[in-house]
Amino acid sequence: RRPDTCGTNRRPLASVGAAMGGLASACAHASRPVACSMATTRPSSSDPIVNEWFPVVTASDVTPGSVHPFTLLDDRYVLLAGDDGTVTVARDTCPHRGAQLSLGTFDGTRLQCPYHGWEFDLTGRCVYQPAQPELAPAENARLGTVHVKQAYDLYWVCVGDEPRNLP
């Protein structure tokens, strides 16, 4: 066994910890920072864990116009802080060609995909497509947004349809 792996089948929390500057940078059971040697699988939408709240970034790090990519339950997400104070969390994948949106640009009101330049507002709706600037984007051209709330000086995210109460 390599010294930087735990050798168990437990799900690593490294991706949540990386988004929070190392607050949860090891396996749930480990006493020191190590990486699990077990590949993880995404929970299904019927898995009760998707309805839980997970801390993803400290509130003091969220400033107008900031972008905070993170991984949660083996999916990529991005937290966007709008210039008007709106905070949105969406899947970090463009619905057009699957590009990683957090690699694009954000001006405080619109997130632009780095691949084809589609622009999304803070509700997740596509508002501009450079290949067809004269046409309004289709209504189904939108980002998958998830629940977000601020509490205890943290931003919390729930990716399920029925979020439980935050303690």
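Which residue forms a salt bridge with aspartate 121? In this predicted model, the partner is arginine 125, and the closest N and O atoms of the two are 3.9 Å apart. The pair still counts as a salt bridge because the cut-off is within 4 Å. Aspartate 121 is buried, with a relative accessible area of 18%, while arginine 125 is partly exposed at 33%.

Let's look at the other charged pairs. The structure holds five salt bridges, and three of them, including the one above, are set out here.

| Salt bridge | Closest N to O distance |
|---|---|
| Arginine 164 with glutamate 52 | 2.9 Å |
| Arginine 142 with glutamate 139 | 3.4 Å |
| Aspartate 121 with arginine 125 | 3.9 Å |

The pair of arginine 164 and glutamate 52, with its closest N and O atoms 2.9 Å apart, is a nice one to trace in the model. Arginine 164 sits in the segment after β10 (154-158), and glutamate 52 belongs to the loop between α1 (14-19) and β1 (54-58), so this salt bridge ties together parts that lie 112 residues apart in sequence. Arginine 164 is partly exposed, with a relative accessible area of 42%, and glutamate 52 is likewise partly exposed, at 29%.

That leaves arginine 142 and glutamate 139, whose side chains meet at 3.4 Å, N to O. Here arginine 142 is partly exposed, with a relative accessible area of 32%, whereas glutamate 139 is exposed, at 55%.

Notes: Residues numbered from 1 in each chain as written. Predicted model: local features only at pLDDT ≥ 70, side-chain atom pairs only at ≥ 80, totals over all residues. Heavy atoms only, no water. Helix = DSSP H or I, 4+ residues; strand = E, 2+ residues; numbered from the N terminus. Buried < 20%, exposed > 50% of the residue type's maximum accessible area, 1.4 Å probe, protein only.
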